[in-house]
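Work through the exercises below with the structure open. Try each task before reading its solution.

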Amino acid sequence: MKFRCSSYIGIFICAIVFVACTSGGPKVRVLKLAHGLDQTHSLHKGMMFMSDRLQEISGGKMRVDIYPGAQLGSETQNIELVQIGSLAMAKVSTASLEGFVEEYKVFGIPYIFRSKAHLFRVLEGEVGKELQTSTEKYLFRGLGYFDAGARSFYTMKKPVLQPEDLKGMKIRVMKSPVAVAMMQAFGGSATPISWPELYTALQSGVVDGAENNLPSFVTSHHHEIAKNFTVNEHTMLPDVLIISKVVWDKLSRQEREWLRQAVEEAVFYQRELWACQEKEALETARKNGVEIYFPDKKPFLEKVASMREMFRDNERVYQMIQRIDAISDTVVLQTENKK
């Protein structure tokens with residue numbers, strides 16, 4: 001069992017994180033949720049929407065208290081807290097789940113998703129649902145996927161117009177073996193740094209650039225110092241809302257249904273917000289002097305095409321790659337707010 005523990009977890013073991021009781025009143029099921037994003041981010045707003053809907057649907061019998069901005073630690077630390085039930089829920093990137101579940105490595109393979117429609121088909125189909133439940137043996141399970149857009153490069157001094165421009169550049173990547181391998185394939189030097197430390201790392205020259213989506217580029221204020229953004233969209237890494245199996249098993253069937261409905265509505269709501277935030281982020285970046293480049297993606301795709309072969313000996317991941325390739329791009333989702 002891939003169970004991790006750190007001294008950090010001990011801080012929270014005795015915390016009251018699951019059930020709250022109003023003084024002299026009925027019990028209210030309170031789920032604590034942590035994530036590392038700014039409160040202006042569409043993902044945070046999506047989770048706030050989920051919390052509001054859960055209260056409405058349950059008639060005030062359930063609610064979610066949200067702790068943004070990495071208040072309760074990094075994504076890996078949040079996963080550890082979720083595993084032992086000291087934290088009910090967390091929003092994490094699929095990259096952070098790679099160290100726990102082999103199959104999640106598939107999301108980090110560059111250009112595995114042909115379009116946003118293809119990504120959504122995968123997430124809402126059998127593959128996405130299987131991945132959500134595949135983590136139960138690691139003491140957590142997925143509840144839903146939030147849109148985190150496509151990741152592209154941004155740099156301090158010179159733009160990245162072709163893969164060769166990355167040679168000799170130190171680029172911040174997430175602490176993910178697949179992300180490191182991707183940067184090596186592109187020809188750059190992969191430098192894993194935690195998200196809260198990245199602004200200072202860019203400013204001080206520890207790294208020459210990073211890769212992320214446009215909204216995160218702006219809400220993190222990286223657009224204030226990094227003035228080159230290249231829309232090459234090498235990966236689409238959704239964010240996953242996970243819940244502790246310890247907590248899940250304590251929920252009644254009715255409570256699970258309330259929570260599932262609130263999450264489902266929040267997912268569609270957040271996708272709408274994300275589309276708007278991407279446009280706003282592009283405008284904000286340009287107004288702040290950021291040069292936006294739209295290079296030919298073909299050279300980038302060709303540079304990392306061989307990465308799929310890394311997983312030929314990993315039957316679980318390689319089969320997942322083949323299943324994703326076989327899924328069409330036809331949109332079957334209704335992205336309307338169901339409230």
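Two strands count as paired if DSSP finds at least two bridges between them. The model used throughout is predicted.

**Exercise 1. Strands 7 and 8**

Task: Find in which sense strand 7 and strand 8 pair, and over how many bridges. Then give the handedness of the crossover that joins them.

Solution:
- Step 1. Locate strand 7 at residues 170–173 and strand 8 at residues 189–192.
- Step 2. Pick a bridge: Arg172 has Thr191 in strand 8 as its partner.
- Step 3. Follow the chain from strand 7 through helix 6, residues 177–186, to strand 8. This β-α-β crossover is right-handed.
- Step 4. Count the bridges: there are four, and the pairing is parallel.

**Exercise 2. Strand 6 and its partners**

Task: State how many residues of strand 6 are buried. Then name the residues that stand opposite Phe153 in strand 10 and in strand 9.

Solution:
- Step 1. Strand 6 covers residues 151–155, and five of its five residues are buried.
- Step 2. Sort the side chains by direction. Arg151, Phe153 and Thr155 point one way, while Ser152 and Tyr154 point the other way.
- Step 3. Take strand 10, residues 228–235. It runs antiparallel to strand 6, with four bridges. Thr230 is opposite Phe153 there.
- Step 4. Take strand 9, residues 209–212. It is also antiparallel to strand 6, joined by four bridges. Here Glu211 is opposite Phe153.

**Exercise 3. Helix 2**

Task: Compare the reach of helix 2 with the expected value, and identify elements that cover its buried residues.

Solution:
- Step 1. Helix 2 spans residues 42–57, which makes 16 residues.
- Step 2. From first C-alpha to last it reaches 22 Å, close to the 22 Å expected at 1.5 Å a residue.
- Step 3. List buried positions. Among them are Leu43, Met47, Phe49, Met50, Leu54 and Ile57. Polar residues such as Ser42, His44 and Arg53 are buried too.
- Step 4. Look at the cover. It includes strand 2, strand 3, strand 4, strand 5, strand 11 and helix 10.
- Step 5. Check what follows the helix: Gly59 takes a positive phi of about 65 degrees.

**Exercise 4. Helix 10 and Arg271**

Task: Test whether the span of helix 10 agrees with its residue count, then classify Arg271 as buried or exposed.

Solution:
- Step 1. Helix 10 has 35 residues, so it should span 51 Å at 1.5 Å a residue. Its end C-alpha atoms lie 50 Å apart, which agrees.
- Step 2. Place Arg271 in this helix.
- Step 3. Its relative accessibility is 5%. Buried means under 20%, so Arg271 counts as buried.
- Step 4. Find its side-chain partner: a polar contact of 2.9 Å links Arg271 to the side chain of Glu124.
- Step 5. Just past helix 10, Gly289 has a positive phi of about 85 degrees.

**Exercise 5. Glu102**

Task: Decide whether Glu102 is buried or exposed, and find its polar side-chain contact.

Solution:
- Step 1. Glu102 sits in the loop between strand 4 and helix 4.
- Step 2. Its relative accessible area is 16%, so Glu102 is buried.
- Step 3. Its side chain makes a polar contact of 2.9 Å with the side chain of Lys105.
- Step 4. Look along the chain: Val317 is 215 residues away, yet the two C-alpha atoms are separated by 6.7 Å.

**Exercise 6. Confidence**

Task: Give the average pLDDT of the chain and find a stretch below 50.

Solution:
- Step 1. The average is 89, and 89% of the residues score at least 70.
- Step 2. Over residues 5–24 the pLDDT is below 50.
- Step 3. Residues 332–339 also stay under 50.

Note on methods
Residues numbered from 1 in each chain as written. Predicted model: local features only at pLDDT ≥ 70, side-chain atom pairs only at ≥ 80, totals over all residues. Heavy atoms only, no water. Helix = DSSP H or I, 4+ residues; strand = E, 2+ residues; numbered from the N terminus. Expected span 1.5 Å × (residues − 1). Buried < 20%, exposed > 50% of the residue type's maximum accessible area, 1.4 Å probe, protein only. Contact = heavy atoms within 4.5 Å. Polar contact = N/O pair within 3.5 Å; in protein donor to acceptor, adjacent residues only side chain to side chain. Right-handed = clockwise from strand over helix to strand, strands pointing away. pLDDT = per-residue confidence, 0-100.
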